[in-house]
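Reader: I should like to go through this entry residue by residue. Please give the reasoning behind each answer.

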Amino acid sequence: TGGRWSRRSALGLIGAAGAVGVTGGFAAGVARDDDAAAPQESVVPFHGRHQAGITTRVQQHLYFASFDMTSTATREDLKSLLADWTDAAARLTQGREVSPEGATGGGPYKPPDDTGEALGLEANALTLTFGFGPTLFAANRFGLESKRPKELVDLPSFAFDLLEDRFSGGDLCIQACADDPQVAVHAIRNLSRIAFGRAQVRWTQLGYGRTSTTSKSQSTPRNLFGFKDGTANVFSNDDADLGRWVWADGSDQAWMNGGTFLVARKIQMLIESWDRVRLEEQEAIVGRDKARGAPLSGGSEFTEPDFDVVSTAARGPAIPADSHVRLAHPERNGGARMLRRGYNFVEGNNDLGQLNAGLFFLAFVRSPEQFIGVQRSLAQDALNEYIRHIGSAIFAVPGGIRTGESVGSGLF
Ligand code: HEM
C-alpha cells in the first residue's frame, strides 16, 4: 500500500508501537493459531463482483448492526442513505476517515464528520457487508415489492426457538469485521451517524473470536464449548462449492447476481451446564473429538465422517444418531452446505452469576432453504439441551459494488 493515504500515515504514526501491537496481542490471546503464517491483508478491496466479508479471510472481531428505516423515511431517503453508506464504506475499509473532512474538520456550527476513535489505526482488514431484510420490501413502504427475491422468506419457527424481538429482524444490516474491535465499532458508529433521521439502529452484536475459517491455511478456531468450529465449511478457494451453495446467481432478481443470503442467529450457550458434562459425552453430543476435532468415526480433523462405523463401547454408531455433526452434515440434508462465519460473544453475567455467552451464528447461503433444512434436522440435536436461539434475522446480500455505483443500486 506504498504511498497510500491512511489515517495512520496522516498522523505520522508509521512505526509507532500502538495499534498493531495491541491488536496482535489480543488476537493471539483469542485464538492461538497459525494466522501469522497466513497472508494478513490489512486492506481488503471494497469493490468487486461480490461484497467483501463473505469469502474474505475471517477477521478476529465483529460488530454487526441491524437497522430500521425511520417511520417517515421515503424511497429517496433509502436511496440517498445507501449512496452515503457506500461512499463512507469505500473510504473506511481502505483505512481512511469517513469523509475528506475527517475527524479534525467541522467548524463553529458543525462537528467533525469522523468521530475520531480510529485515528492512528490501520484498516485492520475491515470489511463492511450490507444486507436487506424482508421488511424493506413490504407493501406501502419504498415501492420495492416487486424487487423482493423469491428466496427471501421469513424464517419459520423452529423447535426450541426462544426468540426475542430485541435481537431479531431489521430492514437493513451491516456486518463489520476487522482484526481490531475499535475499527469495527468505529465503522458502525459512523455509519449509524450518517443514517441519522433516515434509519436507526434496531440491535447490534459485538463478537470476539471468530468461530470459523474460510480457508484451510487459517487454523480452525474454537467456540465457547471448547470444540473446533468451522472444520467442514465452504472454503473461499472452492469455486464449485461457492457457486453451488453461496452465490445467488440465478435468483429471480438480477440485482442479486454475485449476492447471497445471510442468516444470523443469536445462540445463547448454557456454559455452566455444559461444563458439568463428561468429556466423553460432550464428544458424543458434537460427534467429534474435542482436542483434535476429528470425527468419532476416526481419522484426523479433515477426515470425512463415516456414519456407518459402529462403536462397541458406545453400543451403536460411533457418531451418535443425535449428534450435531451427523444431523448438520450434508449427507443428511440433501447435500446442503453453508458458509459459516460466526463469532463468540460474552456479555457479562446474569443474576445467578452465570455467563451470558454464546455463538453469534452467521451463515451465507445461496438460498435460505439450506439453513431451514439443516435447522429443522437439528430439532433432534443433543446439543439443544445446552443452547437457546434467542435472536434471528435474515437478509438478502446484494452482489459486489462496482466503482461509481452504490450498494443495492439495482433496486431502484
Ligand atoms: C459443525 C458447533 C449451531 C450447522 C459444527 C461443529 C461444531 C459445531 C463443534 C463441528 C466442526 C465443524 O465442522 O465446524 C455448534 C454450536 C452451535 C452450532 C456450539 C450452537 C451454539 C449450528 C447451527 C447450524 C449449524 C444453528 C445451522 C443450522 C453446522 C454445520 C456443520 C456444523 C452445517 C458442519 C457439518 C458437517 O458437514 O460435518 N457445529 N454449531 N451449527 N454445524 Fe454447528
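Reader: In which loop is the place of N350?
Author: This is a predicted model. The segment that holds N350 follows from the strands on either side, and these are strand 9 (343–349) and strand 10. N350 is therefore placed in the loop between strand 9 and strand 10.

Reader: Is N350 buried, partly exposed or exposed?
Author: Buried residues fall under 20% relative accessible area and exposed ones over 50%. N350 has 29% relative accessibility, so the class is partly exposed.

Reader: Which backbone nitrogen does the side chain of N350 reach?
Author: The contact runs from the side chain of N350 to a backbone atom, over 2.9 Å. The backbone nitrogen in question belongs to L352.

Reader: Which protein residue donates to the iron atom of the ligand?
Author: Donors are counted within 2.8 Å of the metal. The iron atom has a single donor from the protein, an NE2 atom 2.1 Å away. That donor belongs to H324.

Reader: Which helix holds H324?
Author: The helix in question covers residues 324–328, and H324 lies in this run. The element is helix 8.

Reader: Which residues come nearest to the ligand?
Author: The ligand has 27 residues around it. H324, the donor to the iron atom, is one of those that come nearest. The full set of nearest residues is G230, T231, A232, H324 and R340.

Reader: How far from an oxygen atom of the ligand is the backbone N or O atom of G230?
Author: Several residues place polar atoms by oxygen atoms of the ligand. D229 has a polar side-chain atom 3.5 Å from one, and T231 has a backbone N or O atom 3.0 Å from one. For the backbone N or O atom of G230, the distance is 2.5 Å.

Reader: Which elements give two or more residues to the shell around the ligand?
Author: The ligand sits in the largest pocket. Both helices and strands give two or more residues to the shell around the ligand. They are strand 5 (260–269), helix 8, strand 10 (355–365), helix 9 (368–377) and strand 11 (387–397).

Reader: How many residues of the shell around the ligand are nonpolar?
Author: The shell divides into three classes, with 7 polar and 4 charged residues among them. The nonpolar residues number 16.

Reader: How far apart in space are H389 and Q268, C-alpha to C-alpha?
Author: H389 is found in strand 11. At 8% relative accessibility, H389 falls under the 20% limit and so counts as buried. H389 and Q268 are 121 residues apart in sequence, whereas their C-alpha atoms are separated in space by 6.2 Å.

Reader: Is R315 buried or exposed?
Author: R315 occupies the loop between strand 6 (310–311) and strand 7 (316–317). Phi of this non-glycine residue, R315, is positive, near 50 degrees. Most residues other than glycine have a negative phi. The relative accessibility of R315 is 78%, so R315 is exposed.

Reader: What is the relative accessible area of N124?
Author: Phi of N124 is also a positive value, near 50 degrees, in a residue other than glycine. N124 sits in the loop between helix 3 (75–92) and strand 2. N124 is buried because its relative accessible area is 12%.

Reader: Which residue offers the backbone oxygen that the side chain of T129 reaches?
Author: T129 lies in strand 2 (residues 127–132). With a relative accessible area of 3%, T129 is buried. Its side chain reaches a backbone oxygen at 2.6 Å, and that oxygen is from A52.

Reader: With which side chain does the side chain of D171 make a polar contact?
Author: D171 belongs to the loop between strand 2 and strand 3 (172–178). D171 has a relative accessible area of 2% and is therefore buried. At 2.5 Å, its side chain makes a polar contact with the side chain of T135.

Reader: How far apart in space are I54 and Q175, C-alpha to C-alpha?
Author: I54 is in the loop between helix 2 (18–30) and strand 1 (61–69). I54 is buried, at a relative accessible area of 1%. I54 and Q175 are 121 residues apart in sequence, and in space their C-alpha atoms are separated by 9.8 Å.

Technical notes: Residues are numbered from 1 along each chain as its sequence is written. This is a predicted model: local features need pLDDT of at least 70, side-chain atom pairs count only at pLDDT 80 or more; totals for chains, interfaces and linings use all residues. Side-chain values use heavy atoms; hydrogens and water are left out. Donors are N, O and S atoms within 2.8 Å of the metal (3.2 Å for Na, K and Ca); water is not among the atoms, so sites may look incomplete. Helices (H or I, at least four residues) and strands (E, at least two) are DSSP runs, numbered from the N terminus. A residue is near a molecule or strand if one of its heavy atoms lies within 4 Å of it. A polar contact is a pair of N or O atoms within 3.5 Å; within protein, one must be able to donate a hydrogen and the other to accept it, and residues adjacent in sequence count only if both atoms are side-chain atoms. On a 1 Å grid over the protein atoms alone, a cavity is a set of points where a 1.4 Å probe fits but cannot get out, and a pocket is an open set with protein on both sides within 12 Å along at least five of seven lines; lining residues have an atom within 4 Å of a point. A molecule sits in a cavity or pocket if more than half of its atoms lie within 2 Å of its grid points. Ala, Val, Leu, Ile, Met, Phe, Trp, Tyr, Cys and Pro count as nonpolar, Asp, Glu, Lys and Arg as charged, and the others, Gly among them, as polar. Buried means under 20% relative accessible area, exposed over 50%, partly exposed in between (1.4 Å probe, protein chains only).
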